[in-house]
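Colleague: Got a minute to walk me through this one? I'm new to it and would like a quick tour.

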Amino acid sequence: LERLPTALLCAMPGLTKLACTGNSRLFSPPTEISTQGPEATMEYLRQAVQSGHASTSMLLLAIGDGASGKTSTINALLSDQDVSAPIHEDARTVGIEVREWRPR
């Protein structure tokens with residue numbers, strides 16, 4: 001089981017708690033929600049049904065020493081070939097760089 005039948009579960013007004021921890025393949029609801037307890041899990045599912053959509057955005061923050069491969073990793077994620085071209089010393093990221101990524 002990877003995803004719960006959210007609409008069906010939320011249509012049951014008497015269902016106020018749903019424990020679903022311990023399933024490593026379950027991605028909806030996220031582990032961060034299900035570990036908060038059965039009540040939090042049901043609240044999350046009900047809010048998801050009411051809002052009508054799932055979040056498809058994510059923030060990735062790459063932190064590390066200079067020249068450790070942060071930009072190369074991001075470039076590989078953005079690449080259609082999953083590789084990053086070498087970065088010339090003059091083209092290294094200085095400070096913060098924000099980019100949008102639409103996974104395939």
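**A first walk through the model**

Modeller: Sure, let's begin with Cys 10, which sits in helix α1. Keep in mind throughout that this is a predicted model.

Colleague: Is Cys 10 buried or exposed?

Modeller: Cys 10 is buried: its relative accessible area is 15%, and buried means under 20%.

Colleague: How far is Cys 10 from Leu 45 in space?

Modeller: They are 7.0 Å apart, C-alpha to C-alpha. Along the sequence, 35 residues separate Cys 10 and Leu 45.

Colleague: Let's switch to charges. How many salt bridges does the structure hold?

Modeller: There are 3 salt bridges in the structure. One of them pairs Glu 39 with Lys 17, where the closest N and O atoms are 3.6 Å apart.

Colleague: Which parts of the chain does that pair link?

Modeller: Distant ones: Glu 39 belongs to helix α3, residues 38–51, while Lys 17 is in the loop between α1 (6–10) and α2 (31–34). The two are 22 residues apart. As for how open the spot is, Glu 39 has 45% relative accessibility, so it counts as partly exposed.

Colleague: And which side chains meet at 3.8 Å, N to O?

Modeller: Those of Glu 89 and Arg 92, again in a salt bridge. Glu 89 counts as exposed because its relative accessibility is 55%, and exposed means over 50%. Arg 92, at 45%, counts as partly exposed.

Colleague: What about Arg 99, which side chain does it meet in a salt bridge?

Modeller: The side chain of Glu 97, with 3.0 Å from N to O. Arg 99 is partly exposed, with a relative accessible area of 37%. Glu 97 is partly exposed as well, at 45% relative accessibility.

Colleague: Okay, pockets next. How much space lies in the largest pocket?

Modeller: The largest pocket holds about 1,100 Å³ of space.

Colleague: Which residues lie nearest its centre?

Modeller: Leu 60, Ala 62, Ile 74, Glu 97 and Arg 99 lie nearest the centre of the largest pocket, out of 31 residues that line it. You'll recognise Glu 97 and Arg 99 from the salt bridge we just discussed.

Colleague: How does the lining divide into nonpolar, polar and charged residues?

Modeller: It has 15 nonpolar, 10 polar and 6 charged residues.

Colleague: Now the outside. Which residues form a nonpolar patch on the surface?

Modeller: Leu 60, Leu 77, Leu 78 and Trp 101. Together they have about 340 Å² of accessible area. Leu 60 also came up for the largest pocket, as one of the residues nearest its centre.

Colleague: Where does Leu 78 lie?

Modeller: In helix α4, which covers residues 70–78. Leu 78 counts as partly exposed because its relative accessibility is 31%.

Colleague: Changing topic: backbone oddities. What is the peptide bond from Ser 28 to Pro 29, cis or trans?

Modeller: That bond is cis, and its omega is near 5 degrees. Pro 29 is in the loop between α1 and α2. For background, most peptide bonds are trans, and most residues other than glycine have a negative phi.

Colleague: On that note, what is the phi of Ala 67?

Modeller: About 60 degrees, so a positive phi in a residue that is not a glycine. Ala 67 is in the loop between α3 and α4. At 71% relative accessibility, Ala 67 counts as exposed.

Colleague: And what about phi of Asp 82?

Modeller: Near 60 degrees, also a positive value in a residue other than glycine. Asp 82 lies in the segment after α4.

Colleague: Last bit, some distances. What separates the C-alpha atoms of Arg 3 and His 88?

Modeller: 44 Å, with the two residues 85 apart along the chain. Arg 3 is in the segment before α1, and it is partly exposed, with a relative accessible area of 48%.

Colleague: And how far apart are the C-alpha atoms of Glu 43 and Ser 28?

Modeller: They are separated by 13 Å, and the residues are 15 apart along the chain. Glu 43 is in helix α3 and counts as partly exposed, at 43% relative accessibility.

Conventions. Residues numbered from 1 in each chain as written. Predicted model: local features only at pLDDT ≥ 70, side-chain atom pairs only at ≥ 80, totals over all residues. Heavy atoms only, no water. 1 Å grid on protein atoms, 1.4 Å probe; cavity = no way out; pocket = protein on both sides within 12 Å on 5 of 7 lines; lining within 4 Å. Points joined across faces, edges and corners; volume = space filled by probe spheres on them. Nonpolar A, V, L, I, M, F, W, Y, C, P; charged D, E, K, R; others polar. Salt bridge = Lys/Arg side-chain N within 4 Å of Asp/Glu carboxyl O. Helix = DSSP H or I, 4+ residues; strand = E, 2+ residues; numbered from the N terminus. Buried < 20%, exposed > 50% of the residue type's maximum accessible area, 1.4 Å probe, protein only. Patch = residues over 30% accessible without salt bridge, like charges linked within 9 Å, V, L, I, M, F, W, Y side chains within 5 Å. Areas by Shrake-Rupley, 256 points an atom, 1.4 Å probe, with all protein chains shown as cover.
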